[in-house]
Amino acid sequence: MGCTRADPAGNAILVASRDTWVSRTAECTRARTEEENAEVTYIITQPCVDVIDKACIEECPVDCIYEGERMLYIHPDECVDCGACEPVCPVEAIFYEDDVPDQWKDYYKANVEFFADLGSPGGASKVGKIHTDHPIVAALPPQETEH
């Protein structure tokens with residue numbers, strides 16, 4: 001499976017494949033515009049809290065999904081908007097940013113601000129589990145984990 005993006009004419013072009021992405025993360029990240037890097041196009045929301053299934057991590061070709069204490073977060077500078085994570089989430093916690101239900105709109109902020117101190121390490125596997133969460137997540141009571 002590869003990650004594709006559209007060129008200016010709207011044609012799909014291969015950005016990276018799962019097999020080559022690890023060595024090409026910096027190249028592919030530089031290929032994105034600054035405007036794209038400032039946007040989080042996929043958001044992980046409240047249904048992920050206390051579930052942390054990790055199917056999305058396994059599917060992500062760019063290693064941009066980081067594990068917090070109680071939830072997973074998509075790094076806004078490392079995501080290439082391929083959408084591979086969304087359909088594999090068993091609790092339907094991942095949304096394209098324009099499709100986030102109103103009750104979870106604050107999770108846009110949570111996904112962006114989670115990385116304020118961390119910066120962009122170039123892949124979640126380099127960092128491992130981060131033993132903290134965004135305050136929105138940390139303030140939640142324990143969630144039901146039926147899945």
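Start by selecting I52 in this predicted model. I52 has a relative accessibility of 16% and so counts as buried, the limit being under 20%. The residue sits in the loop between β3 and α3. Check its backbone: phi is near 45°, a positive value in a residue other than glycine. Most residues other than glycine have a negative phi.

Stay in this loop and select D50. D50 also lies between β3 and α3, the latter spanning 55-59. Its phi is near 70°, again positive in a residue that is not glycine. Is D50 buried, partly exposed or exposed? With a relative accessible area of 26%, D50 is partly exposed.

**E67 and its surroundings**

Next, select E67, which belongs to strand β4. E67 counts as buried, at 15% relative accessibility. Which side chain makes a polar contact with that of E67? The partner is K54, and the contact is 3.1 Å. Show the residues in contact with E67 as well: leaving aside neighbours within four places in sequence, they are I52, K54, L72, G128, K129 and I130. I52, where the tour began, is thus back in view as one of the contacts of E67.

**The nonpolar core**

Now select I44, I65, M71, I74, I94 and Y107. Of the 34 residues in the largest nonpolar core, these touch the most other members. Colour the elements next: β3, β4 (65-67), β5 (72-74), β6 and α4 (106-113) each supply at least two residues of this core.

Centre on I94 and display what surrounds it. Not counting residues up to four places away in sequence, I94 touches Y42, I43, I44, C56, I74, C85, E86 and C89.

**Cysteines**

Two of those contacts of I94, C56 and C89, lead to the next selection. How many disulfides does the structure hold? The number is zero. For C56, the nearest cysteine sulfur is that of C89, 6.3 Å away, and C56 is in no disulfide. C56 counts as buried, at 6% relative accessibility. Select C82 too: this cysteine is partly exposed, with a relative accessible area of 31%.

**Aromatic pairs**

Switch to the rings. Across the whole structure there are five aromatic pairs. Begin with Y42 and Y96, whose ring centres are 5.6 Å apart and whose planes meet at 75°, so this is an edge-to-face pair. Which strands hold the two tyrosines? Y42 is in β3 (residues 42-44) and Y96 is in β6 (residues 94-96), so the pair ties together parts that are 54 residues apart in sequence. Y42 is buried, at 11% relative accessible area, whereas Y96 is partly exposed, at 32%.

Then go to F114 and F115. Their ring centres are 5.1 Å apart with planes at 90°, so this pair is edge-to-face. F114 is buried with a relative accessible area of 10%, and F115 is buried with 5%. Add Y66 and Y73 to the selection: ring pairs link Y66, Y73, F114 and F115 into a cluster.

**H134**

From the ring cluster, move to H134, which touches two of its members, Y73 and F114. H134 is found in the loop between α5 (124-127) and α6 (135-138). Is H134 buried or exposed? At 6% relative accessibility, H134 counts as buried. Beyond Y73 and F114, its contacts include K109, A110 and E113, with residues up to four places away in sequence not counted.

**The whole chain**

Zoom out and show the cartoon. The protein has six helices and six strands. From the N terminus on, the elements run β-β-α-α-β-α-β-β-β-α-α-α. Of its 147 residues, 41% count as buried. Among contacts between residues at least 6 apart in sequence, 67% join residues at least 24 apart.

Finish by colouring the model by pLDDT. The protein averages 80, and 71% of the residues score at least 70. Select residues 13-38: over this stretch the pLDDT is below 50. The same stretch has 45 contacts in the model beyond near neighbours in sequence. Where pLDDT is low, the predicted coordinates should not be read in detail.

Definitions and conventions: Residues are numbered from 1 along each chain as its sequence is written. Side-chain values use heavy atoms; hydrogens and water are left out. Rings of Phe, Tyr and Trp (its six-membered ring) pair if their centres lie within 6.5 Å; planes under 30 degrees apart count as stacked, over 60 as edge-to-face and the rest as tilted. Helices (H or I, at least four residues) and strands (E, at least two) are DSSP runs, numbered from the N terminus. Buried means under 20% relative accessible area, exposed over 50%, partly exposed in between (1.4 Å probe, protein chains only). A nonpolar core is a set of buried Ala, Val, Leu, Ile, Met, Phe, Trp, Tyr and Cys residues joined through side-chain atoms within 4.5 Å. Contact means heavy atoms within 4.5 Å. A polar contact is a pair of N or O atoms within 3.5 Å; within protein, one must be able to donate a hydrogen and the other to accept it, and residues adjacent in sequence count only if both atoms are side-chain atoms. A disulfide is a pair of cysteine sulfur atoms within 2.5 Å. pLDDT is the predictor's confidence in each residue, from 0 to 100.
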